[in-house]
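Morning, everyone. I have one structure to walk through today, so let's put it on the screen.

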Amino acid sequence: MSTRILIVEDEEALTLLLRYNLEAEGFVVDTAARGDEADLRLQEQVPDLVLLDWMMPGLSGIELCRRIRARRETERLPVIMLTARGEEGDRIRGLGTGADDYIVKPFSVPELLARVRALLRRAKPSHVADLLIAGNIELDRVSHRIRRQGREIHLGPTEFKLLEFLMQSPGRVFSREQLLDGVWGHDVYIDERTVDVHVGRLRKAINRPRQSDPIRTVRGSGYSFDEMFSTDE
């Protein structure tokens with residue numbers, strides 16, 4: 001999956017534990033050890049979900065959650081609050097600030113992962129669905145198989161992730177930089193033109209002669225999966 005999660009937590013050991021388990025589930029993970037650092041990150045790139053510690057240096061989790069809800073770009077961003085404060089009044093305050101869920105430390109990692117999946121299922125169902133379907137293309141995340149009009153298509157791992165990433169948001173135009181972050185990862189430094197090479201390989205694999213191309217090139221901007229794409233004649 002290409003779902004991106006931002007962990008905002010100043011306990012390094014807990015951050016490493018969460019990152020390891022989330023990446024093992026296929027999520028792309030970014031981290032911030034200060035609230036003000038996370039605030040800047042969120043203005044640069046909006047993740048799909050935030051795990052937010054209540055007590056943070058620089059800017060508290062409560063204040064950061066307020067800012068998230070105040071901005072149009074992040075007002076619907078799923079937020080799970082992590083805290084050692086388990087009193088009912090604290091839970092009410094956290095949820096009242098805008099957190100979607102609230103989990104008290106120490107917590108079970110499997111329970112946290114279940115809550116992450118449940119919240120994403122409600123907020124971004126396409127990001128957790130096992131099967132993505134657009135027109136006559138089916139992408140199965142479990143078996144890692146792709147079919148078009150019943151014909152199985154064989155893709156390399158990078159082309160598979162690229163198609164999956166595009167199919168999650170039909171119609172949205174992604175720049176090469178956004179595709180590099182979403183498919184290759186935030187910490188990988190490669191030339192943006194690498195995206196063009198892999199898009200070319202993907203098109204060659206999924207399109208036969210006289211079949212419509214679902215991948216749209218937007219000059220000066222990037223690529224998108226055509227929301228008008230349906231089926232071939």
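I'll start with the overall picture, then go through a sheet, a helix that packs on it, the core, and the aromatic pairs.

First, a caveat. This is a predicted model. Keep that in mind throughout.

The overall picture. The protein has 233 residues, and 45% of them count as buried. It contains eight helices and eleven strands. How far apart in sequence are the contacting residues? Take the contacts between residues at least 6 apart in sequence: 57% of them join residues at least 24 apart.

Now the sheet. Four strands make an open sheet in the order β6-β7-β8-β9, and the pairing is antiparallel. Which strands stand at the edges? They are β6 and β9, the latter covering 151-153. Each has a single partner strand, so one side of each lacks a neighbour in the sheet. On average, neighbouring strands are turned by 20 degrees against each other, with direction ignored.

Let's go strand by strand. β6 spans residues 131-134 and is joined to β7 by four bridges. A134 sits opposite I137 of β7. The two strands form a hairpin with two residues between them. In that turn, G135 has a positive phi of about 60 degrees.

Next, β7 to β8. Again there are four bridges, and β8 covers residues 145-148. This hairpin has four residues between the strands, and H144 takes a positive phi near 55 degrees. Three residue pairings are worth pointing at. I137 has R148 as its bridge partner in β8. L139 stands opposite I146. D140 stands opposite R145.

Then β8 to β9. Here three bridges do the joining. R147 is partnered by E152 in β9. Two residues lie between the strands of this hairpin, and Q149 in the turn has a positive phi of about 50 degrees.

Now the faces. In a regular strand, side chains alternate between the two faces of the sheet. Which residues of β7 are covered, and which uncovered? On β7, I137 and L139 form the covered face, while E138 and D140 form the uncovered one. On β8, the covered face holds I146 and R148, and the uncovered one holds R145 and R147. So note R148: an arginine on the covered face of β8.

Put the pairings on top of that. L139, from the covered face of β7, stands opposite I146, from the covered face of β8. D140, from the uncovered face of β7, stands opposite R145, from the uncovered face of β8.

What packs on this sheet? Helix α6 does, and it touches β6, β7 and β8. The direction of α6 makes about 110 degrees with that of β7.

α6 also packs against α8. Two packed helices are described by the angle between their axes and the distance between the axes. For α6 and α8 the angle is about 85 degrees, and the axes are 10 Å apart. That falls in the 65 to 115 window, and the two helices are therefore roughly perpendicular. From α6, the contact uses T158, E159, L162 and L163. From α8, it uses H198, V199, R201 and L202.

On to the core. The largest nonpolar core has 24 residues. Which members touch the most others? L139, I146, L162, L163, M167, L179 and V195 do. At least two residues each come from β6, β7, α6, α7, α8 and β11. The largest share, six residues, comes from α6.

Zoom in on L162, one of those well-connected members. Skip its neighbours within four places in sequence. L162 then contacts L179, V183, H198, V199 and L202.

Last item: aromatics. How many aromatic pairs does the structure hold? Two. In the W54 and Y102 pair, the ring centres are 6.4 Å apart and the planes are at 85 degrees, so the pair is edge-to-face. W54 lies in the loop between β3 and α3, and Y102 lies in strand β5. They are 48 residues apart, so to speak a link between distant parts of the chain. Both rings are in buried residues: W54 has a relative accessible area of 3%, and Y102 is at 6%.

The second pair is F165 and F174. Their ring centres are 4.7 Å apart and their planes are at 55 degrees, so this pair is tilted. F165 and F174 are both buried.

That's my tour. Questions, please.

Technical notes: Residues are numbered from 1 along each chain as its sequence is written. This is a predicted model: local features need pLDDT of at least 70, side-chain atom pairs count only at pLDDT 80 or more; totals for chains, interfaces and linings use all residues. Side-chain values use heavy atoms; hydrogens and water are left out. Buried means under 20% relative accessible area, exposed over 50%, partly exposed in between (1.4 Å probe, protein chains only). Two strands pair if DSSP finds at least two bridges between them. A nonpolar core is a set of buried Ala, Val, Leu, Ile, Met, Phe, Trp, Tyr and Cys residues joined through side-chain atoms within 4.5 Å. Contact means heavy atoms within 4.5 Å. Rings of Phe, Tyr and Trp (its six-membered ring) pair if their centres lie within 6.5 Å; planes under 30 degrees apart count as stacked, over 60 as edge-to-face and the rest as tilted. Axes are lines fitted to C-alpha atoms, for helices over the stretch in contact, and angles run from 0 to 180 degrees between N-to-C directions. Angles under 35 degrees count as roughly parallel, over 145 as roughly antiparallel, 65 to 115 as roughly perpendicular and the rest as oblique.
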